[in-house]
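Hello,

Here is the structure I promised to pass on to you. Have a look at it first, and my notes follow below.

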Amino acid sequence: MSSDTLSKAAAPAPPAAADVPRIVPQRRTGQWIAAAVVLALLGLAVNSVLRNDAFQWDVVAEYFTTSSVLRGLGLTLWLTALVMALGFALGTLLAVLRLSANPVLQAVSWGYVWLFRSMPILVQLLFWFNIGALYPQILGVKTVDLFGPVTVAIIGLTLHEAAYAAEVVRGGILSVDRGQIEAAQALGLGRHRRWRKIVLPQAMRAIVPPAGNMLIGTLKGTSIVSVIAVQDLLYSVQLVYHRTYQVIPLLLVATIWYVVVTSLLSVGQHYVERHYARGTGR
């Protein structure tokens, strides 16, 4: 008998079909039931909103693109952009002071952040709005002429945002590995090139997400300036419903515009984050 015949005879017989374990897909009955319940409740909620005549959707459509509402929206967008630019400029300076080796500059930066993060934004706006009670004149000019409602809104919101922006920027800078900065120094790169080529590109990965949240928060937070008669989006719809008494549909106009703009900003934030996340493998 040949060796091949012996090896075939010694090999175990293949298992019968009945002995092969059958793979049974995992049942997710509970998840499907939960999903169906959530969808049903969501459908009922949407149906209630759309078919409830009290929402007055025809009034919403009528005022959604009126000139007064669009002017208020334009002021809201302009105020948001200006406050974010000024706030991050001042916040970056404060972050640099906080990271400096000078203890006095560190203390000044820390004190600023502590003070303005401790004060509610509404209190700050009202304080600046009534600054004339403390200083009736500044450089020979009446304070009420210098600090109009829009100027007060810019100052109050900028000082408030700068305190948070300082911590965002400081956290982003601290997230960069110190060894990379030392390696750049060893290669002879100047301070400006180290910051531009090494520190900032990596710090932006940690800065962009909270900065995007701050941008969206600032957009919505500008609605608080309506208390000092700045004609932003919310104040514009308030002027209308104080005249027409159609409170709910006009508030819906403002709400929808806020949702539209924040959604666009969220999309932009996603692409900016993806740009700075290149090479991270995430």
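How much space lies in the second largest pocket? About 230 Å³. A pocket here is an open set of points on a 1 Å grid over the protein atoms alone, where a 1.4 Å probe fits, with protein on both sides within 12 Å along at least five of seven lines. Points are joined across faces, edges and corners, and the volume is the space filled by probe spheres set on them.

Before going on, please note that this is a predicted model, in which local features need pLDDT of at least 70 and side-chain atom pairs count only at pLDDT 80 or more, while totals for chains, interfaces and linings use all residues. Residues are numbered from 1 along each chain as its sequence is written, and side-chain values use heavy atoms, leaving out hydrogens and water.

**The pocket lining**

Helix 4 (67-99), helix 10 (191-221) and helix 12 (247-276) each give at least two residues to the lining of this pocket. Helices are DSSP runs (H or I, at least four residues), numbered from the N terminus. Among the lining residues, which have an atom within 4 Å of a point, are Met84, Phe88, Met204, Leu215, Leu264 and Gln269. By class, the lining has nine nonpolar, three polar and no charged residues. Ala, Val, Leu, Ile, Met, Phe, Trp, Tyr, Cys and Pro count as nonpolar, Asp, Glu, Lys and Arg as charged, and the others, Gly among them, as polar.

**How helices 4, 11 and 12 pack**

Helix 4 and helix 11 (residues 233-244) pack at about 160°, with axes 7 Å apart. Axes are lines fitted to C-alpha atoms over the stretch in contact, and angles run from 0 to 180 degrees between N-to-C directions. The two helices are therefore roughly antiparallel (an angle over 145 degrees). Their contact (heavy atoms within 4.5 Å) includes Ser68, Gly72 and Thr76 of helix 4 and Ser236 and Val240 of helix 11. It holds five nonpolar, four polar and no charged residues.

Helix 11 also packs with helix 12 at an angle of about 160°, with axes 9 Å apart. That makes this pair roughly antiparallel too. Leu234 and Tyr241 are among the residues of helix 11 that meet helix 12, where Leu250 and Ala254 are among the partners. This contact has twelve nonpolar, no polar and no charged residues.

What angle do helix 4 and helix 12 make? About 40°, with their axes 12 Å apart. They are therefore oblique, being neither under 35, nor over 145, nor within 65 to 115 degrees. Leu70 and Leu77 of helix 4 and Trp257 and Val261 of helix 12 are among the contact residues.

Best wishes
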